[in-house]
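Reader: I should like to learn how the contacts, burial and pairing in a model of this kind are to be read. Please take the features in turn, giving the general idea and then the case.

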Amino acid sequence: MLFGRACRELGVPATETLMVGDHPAKDGGAAGAGLRAYVLPAGAAPGAVRGLDAVLRLAGPAGASRTPSTPPG
């Protein structure tokens with residue numbers, strides 16, 4: 001599955017990863033792979049607030065200070 005592979009490639013546990021998407025049907029695979037998922041509200045006007053402040057709250061201070069692993073390459 002795409003989301004599980006992405007976590008493995010980045011060297012992060014799926015259970016400690018937050019996937020932010022904008023389409024429940026297309027992004028639902030993230031939850032199935034064990035990631036926390038946050039789907040932005042649909043139908044917002046261009047420039048409108050869509051909930052990214054909630055993403056920062058969900059990521060919390062640990063997410064802000066954590067540096068992801070460098071992908072192999």
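Author: Contact means heavy atoms within 4.5 Å. Leaving out residues up to four places away in sequence, Leu35 touches Phe3, Cys7, Ala14, Thr17, Met19 and Ala30. This is a predicted model, in which local features need pLDDT of at least 70 and side-chain atom pairs count only at pLDDT 80 or more, while totals for chains, interfaces and linings use all residues. Residues are numbered from 1 along each chain as its sequence is written, and side-chain values use heavy atoms, with hydrogens and water left out.

Reader: Which elements does the chain contain, from the N terminus on?

Author: Helices (H or I, at least four residues) and strands (E, at least two) are DSSP runs, numbered from the N terminus. The chain has 4 helices and 2 strands, in the order α-β-α-α-β-α. Of the contacts with a separation of 6 or more, 35% are between residues 24 or more positions apart.

Reader: Which residues make up the largest nonpolar core?

Author: In soluble globular proteins, nonpolar side chains tend to be buried together. A nonpolar core is a set of buried Ala, Val, Leu, Ile, Met, Phe, Trp, Tyr and Cys residues joined through side-chain atoms within 4.5 Å. Buried means under 20% relative accessible area, exposed over 50%, and partly exposed in between (1.4 Å probe, protein chains only). Here the largest such core has 7 residues: Phe3, Cys7, Val12, Ala14, Met19, Ala30 and Leu35. Across the chain of 73 residues, 23% are buried.

Reader: How is Gly4 placed, buried or exposed?

Author: Gly4 belongs to helix H1 (residues 2-10) and counts as buried because its relative accessibility is 15%. Its C-alpha atom is 7.9 Å from that of Ala30, although the two residues are 26 apart along the chain.

Reader: Where do the side chains of strand E1 point?

Author: In strand E1 (residues 18-21) they alternate: Met19 and Gly21 point to one face and are buried, whereas Leu18 and Val20 point to the other and are not. Two strands pair if DSSP finds at least two bridges between them. E1 pairs with strand E2 (residues 36-39) in the parallel sense over 4 bridges, and Gly21 has Val39 of E2 as its bridge partner.

Reader: What does Thr17 touch?

Author: Thr17 lies in the loop between H1 and E1 and is buried, since its relative accessibility is 15%. Beyond four places in sequence, Thr17 touches Cys7, Val12, Leu35 and Arg36. A side-chain atom of Thr17 also reaches the backbone oxygen of Pro13 at 2.8 Å.

Reader: How many salt bridges does a search of the whole structure find?

Author: Side chains of opposite charge can pair when their charged atoms come close. A salt bridge is a side-chain nitrogen of Lys or Arg within 4 Å of a carboxyl oxygen of Asp or Glu. The search finds 1, between Glu9 and Arg5, whose closest N and O atoms are 3.9 Å apart. The two residues are separated by about one helical turn because they are 4 residues apart in helix H1. Glu9 is partly exposed at 38% relative accessibility, while Arg5 is exposed at 52%.

Reader: Which side chain of opposite charge is nearest to Asp27?

Author: Lys and Arg count as positive and Asp and Glu as negative; His and the chain ends are not counted. Asp27, in helix H2 (residues 24-27), is buried yet has no salt bridge, and the nearest side chain of opposite charge, Lys26, is 8.1 Å away. Apart from its neighbours within four places in sequence, Asp27 is in contact with Phe3, Met19, Gly21 and Asp22.

How values were computed:
A polar contact is a pair of N or O atoms within 3.5 Å; within protein, one must be able to donate a hydrogen and the other to accept it, and residues adjacent in sequence count only if both atoms are side-chain atoms.
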